[in-house]
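I opened this entry to keep a record of what I looked up in the structure. The notes go from the whole chain to single elements.

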Amino acid sequence: MVLHQRRTVALFLFAFIFLMPVRHALSREKTDIKTLVIVSHPYPERSVLTKGLQEAAESLEGVTVRNLETLYGYDTRQINGDAERKMMGEHSRVVFIFPTHWFNITPMMKAWLNETWGSVGPGLWQGKEMLVVSTAAGGSSTYGPDGRIGVSLADVFLPMKASALHAGMTWLPPLVFESASSDRLPSYQHQLIERLKQPFQ
């Protein structure tokens with residue numbers, strides 16, 4: 001009986017210490033900016049950080065989340081450009097959440113941009129905001145002026161910035177997590193929520 005009670009107490013303490021930060025991070029809050037979040041992970045079954053960041057975004061009122069692999073699988077031809085453009089038009093900020101995939105966005109996300117933005121001219125999304133949120137396994141040995149590639153992780157996404165500016169959007173400083181670890185997921189979730197709550201720049 002005593003052993004059973006000790007196990008119960010230990011389980012309670014584990015839940016309190018390790019799960020409470022996640023619950024706190026995902027408390028129901030609200031953003032005043034109508035935000036569209038596009039999520040993609042090329043290997044959803046391995047996704048821990050991307051899934052956790054998606055859950056954080058979903059916890060905020062005023063946020064619409066669309067997971068590309070959930071909606072369209074891996075078939076880039078299935079992306080409904082008309083429907084996605086309609087969603088874009090209904091929101092003031094778009095956020096892309098993905099793992100850095102060979103120094104790039106994911107294949108489905110690139111296809112989404114091609115289908116949704118590729119047939120329209122400059123200034124299409126005038127006045128809207130874009131935020132890139134990405135995780136990467138590499139750290140300072142890969143990114144930054146002293147890293148192998150000589151540029152920061154945020155700078156890897158220069159084509160996304162070019163896309164935003166071409167479309168007339170405000171490019172927000174990316175939220176990127178180097179040397180990303182599942183142990184730090186509650187912190188990443190909290191940072192994302194705080195960024196999504198920020199007013200227009």
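The entries below cover the overall make-up, then two helices and one residue.

**Overall.** I note at the outset that the model is predicted. I counted the secondary structure of the protein as seven helices and six strands. Reading from the N terminus, I get the order α-β-α-β-α-α-β-α-β-α-β-β-α. The protein has 201 residues, and 43% of them count as buried. I also looked up the contacts with a separation of 6 or more: 79% of these are between residues 24 or more positions apart.

**Helix α7.** I took residues 185–197 next, which form helix α7 with its 13 residues. From first C-alpha to last, α7 reaches 18 Å, close to the 18 Å expected at 1.5 Å a residue. Which residues of α7 are buried? I list Leu-185, Pro-186, Tyr-188, Gln-189, Leu-192, Ile-193, Arg-195 and Leu-196. For reading such a list I keep in mind that an α-helix has 3.6 residues a turn, so residues three or four places apart point the same way.

**α2 against α7.** Helix α2 spans residues 49–58 and packs on α7 with the axes 9 Å apart, at an angle of about 40 degrees. I therefore enter α2 as oblique to α7. The crossing of the two helices, α2 and α7, is right-handed. On the α2 side I find Leu-49, Gly-52, Leu-53, Glu-55, Ala-56 and Ala-57 in the contact. The α7 side supplies Leu-185, Tyr-188, Gln-189, Leu-192, Ile-193 and Leu-196. By class, the residues of this contact between α2 and α7 are nine nonpolar, two polar and one charged. Going back to the burial list, I see Leu-185, Tyr-188, Gln-189, Leu-192, Ile-193 and Leu-196 of α7 entered there as buried.

**Helix α5.** I then went to residues 107–117, helix α5. Its buried residues are Met-108, Met-109, Ala-111, Trp-112, Leu-113, Thr-116 and Trp-117. What covers the buried residues of α5? I find that the cover includes the strands β1 (29–39), β3 (93–99) and β4 (129–135). Among the helices, α3 (68–72), α4 (81–89) and α6 (158–166) are part of that cover.

**Lys-110.** I checked one residue of α5 by itself, Lys-110. Is Lys-110 buried or exposed? Its relative accessibility is 42%, so I enter Lys-110 as partly exposed. I also looked up Lys-110 against Ser-40: the two are 70 residues apart in sequence, and their C-alpha atoms are 9.9 Å apart in space.

Technical notes. Residues are numbered from 1 along each chain as its sequence is written. This is a predicted model: local features need pLDDT of at least 70, side-chain atom pairs count only at pLDDT 80 or more; totals for chains, interfaces and linings use all residues. Side-chain values use heavy atoms; hydrogens and water are left out. Helices (H or I, at least four residues) and strands (E, at least two) are DSSP runs, numbered from the N terminus. The expected span of a helix is 1.5 Å times one less than its number of residues. Buried means under 20% relative accessible area, exposed over 50%, partly exposed in between (1.4 Å probe, protein chains only). Axes are lines fitted to C-alpha atoms, for helices over the stretch in contact, and angles run from 0 to 180 degrees between N-to-C directions. Angles under 35 degrees count as roughly parallel, over 145 as roughly antiparallel, 65 to 115 as roughly perpendicular and the rest as oblique. A crossing is left-handed if the near helix is turned anticlockwise from the far one by less than a right angle, and right-handed if clockwise. Contact means heavy atoms within 4.5 Å. Ala, Val, Leu, Ile, Met, Phe, Trp, Tyr, Cys and Pro count as nonpolar, Asp, Glu, Lys and Arg as charged, and the others, Gly among them, as polar.
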